[in-house]
Amino acid sequence: MIVNLVTYIFSSEQLMSPLAMINSNTSNSPVNVPQTSTTPTGTISSLPKPSSVTPVHRVMSLTDPTSKMSKSHKAEKSRILITDAPKDIKAKISSAKTDSIPGISYDPATRPGISNLLDILSIFDAEGRQASQLAEAYSDLSPKQLKEMVSDAVITGLDGIRDRYLELVGKGDEYLDSIEAVGARKARDSAKETMQLVRRAIGF
C-alpha cells in the first residue's frame, strides 16, 4: 500500500477542506444556499450557511513540475510518500527541478519548479499563507535555501503520521479489514438516518 503526499493532502481535514477540491479554478465567490425550505410537512430551517470555495493548486512532480505528482510515476524522486523517512524527503526535495533565476518568485508559467515548492510550503505553512505571499516573504532566498525550508516544513507536517501509518499497516490485513467494516457500517447507519429525515421532510 503506497500513499503519497497528494493522497494525504487531499484526504486530511487538517490541511484542506473537502470543498476546496470542487474546483481549483473557482474564485472566492460565496456559494448562496437558501436558508429555509418549505415541504408538505412544514418548513426546514437547518440548511447550511453560505460558504466560500478556496482555490487549490495541484501538487506537481518534483522532477517535472509541469506534471502532477503521482504515485504511479516511474521516477521515485518525483513524489513524496507518507512512508518516506525524513532523510528521503530531504533528498527528494533537494533534487527537485528548479531554475537558475536568482531569488524566489511565484510564477507557475515561467518558474514551475520554484512555484511548486512554494505551493507545497503553503500547504504546511503554520500561518496559512498563500504561495505568492511566501514568495514575497522569502524573495531573497536561494533555491537551495527554499528547498531546505520546504523539507523542514514537510517533515514537521508529516511528523508522527508515517509512524502511525506503518503501525496500522503492520497489524495486518485482518485488522484493516475489521476497521473498514466498522467504517462501512457507520456510513450505512448514517445514510439510513439521513434518508429517514429526508422522507419525513418531503412527506413520504
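1. A residue counts as buried here when its relative accessible area is under 20%. Serine 122 has a relative accessible area of 18%, so serine 122 falls on the buried side of that cut-off. Keep in mind while reading that the model is predicted.

2. Where does serine 122 sit? It lies in helix α3. Leaving aside residues up to four places away in sequence, serine 122 touches Arg129, Gln130, Ala131 and Leu134. If you want a distance to check in your viewer, take the C-alpha atoms of serine 122 and serine 132: they are separated by 9.0 Å, with the two positions 10 residues apart along the chain.

3. Helix α3 also holds asparagine 116. Is asparagine 116 buried or exposed? Its relative accessibility is 3%, so asparagine 116 is buried. With residues up to four places away in sequence left out, the neighbours that asparagine 116 touches are Arg58, Val59, Met60, Ser61, Leu62 and Pro65. Another distance for your list: from the C-alpha of asparagine 116 to the C-alpha of alanine 96 is 9.6 Å, and these two residues are 20 apart along the chain.

4. Now the helix packing, starting with α3 against α5. Helix α3 covers residues 112-124 and helix α5 covers residues 143-157; they pack at an angle of about 30°, and their axes are 9 Å apart. The crossing of this pair is left-handed. On the α3 side, the residues in contact are Ile114, Leu117, Leu118, Ile120, Leu121 and Phe124. They meet Pro143, Leu146, Lys147, Met149, Val150, Ala153, Val154 and Gly157 from α5.

5. Helix α5 has a second partner to look at, α2. Helix α2 takes in residues 86-94 and packs with α5 at an angle of about 145°, with the axes 9 Å apart. Which hand does the crossing of α2 and α5 have? This one is right-handed. From α2, the contact uses Pro86, Ile89, Lys90, Ile93 and Ser94, while α5 brings in Lys147, Val150, Ser151, Asp152, Val154 and Ile155.

6. Helix α5 is home to lysine 144 as well. At 62% relative accessibility, lysine 144 counts as exposed. The C-alpha atoms of lysine 144 and isoleucine 93 are separated by 9.6 Å, though the two residues are 51 apart along the chain.

7. On to ring interactions. How many aromatic pairs does a search of the whole structure find? The result is zero. There is a lysine over a ring, though: lysine 171 lies over the face of tyrosine 175, at 4.7 Å from the ring centre.

8. Stepping back to the whole protein chain, the count is seven helices and four strands. Along the sequence they follow the pattern α-β-β-β-β-α-α-α-α-α-α, with the strands coming between α1 and α2.

9. Some totals to finish. The protein chain has 204 residues, of which 29% count as buried. Its accessible surface is about 12900 Å², and carbon and sulfur atoms make up 54% of that. For contacts in the protein chain with a separation of 6 or more, 57% come from residues 24 or more positions apart.

Notes
Residues are numbered from 1 along each chain as its sequence is written. This is a predicted model: local features need pLDDT of at least 70, side-chain atom pairs count only at pLDDT 80 or more; totals for chains, interfaces and linings use all residues. Side-chain values use heavy atoms; hydrogens and water are left out. Rings of Phe, Tyr and Trp (its six-membered ring) pair if their centres lie within 6.5 Å; planes under 30 degrees apart count as stacked, over 60 as edge-to-face and the rest as tilted. A charge sits over a ring if NZ of Lys or CZ of Arg is within 6 Å of the ring centre and within 35 degrees of the ring normal. Helices (H or I, at least four residues) and strands (E, at least two) are DSSP runs, numbered from the N terminus. Buried means under 20% relative accessible area, exposed over 50%, partly exposed in between (1.4 Å probe, protein chains only). Contact means heavy atoms within 4.5 Å. Accessible areas come from the Shrake-Rupley method with a 1.4 Å probe; for residues, only the protein chains shown count as cover. Axes are lines fitted to C-alpha atoms, for helices over the stretch in contact, and angles run from 0 to 180 degrees between N-to-C directions. A crossing is left-handed if the near helix is turned anticlockwise from the far one by less than a right angle, and right-handed if clockwise.
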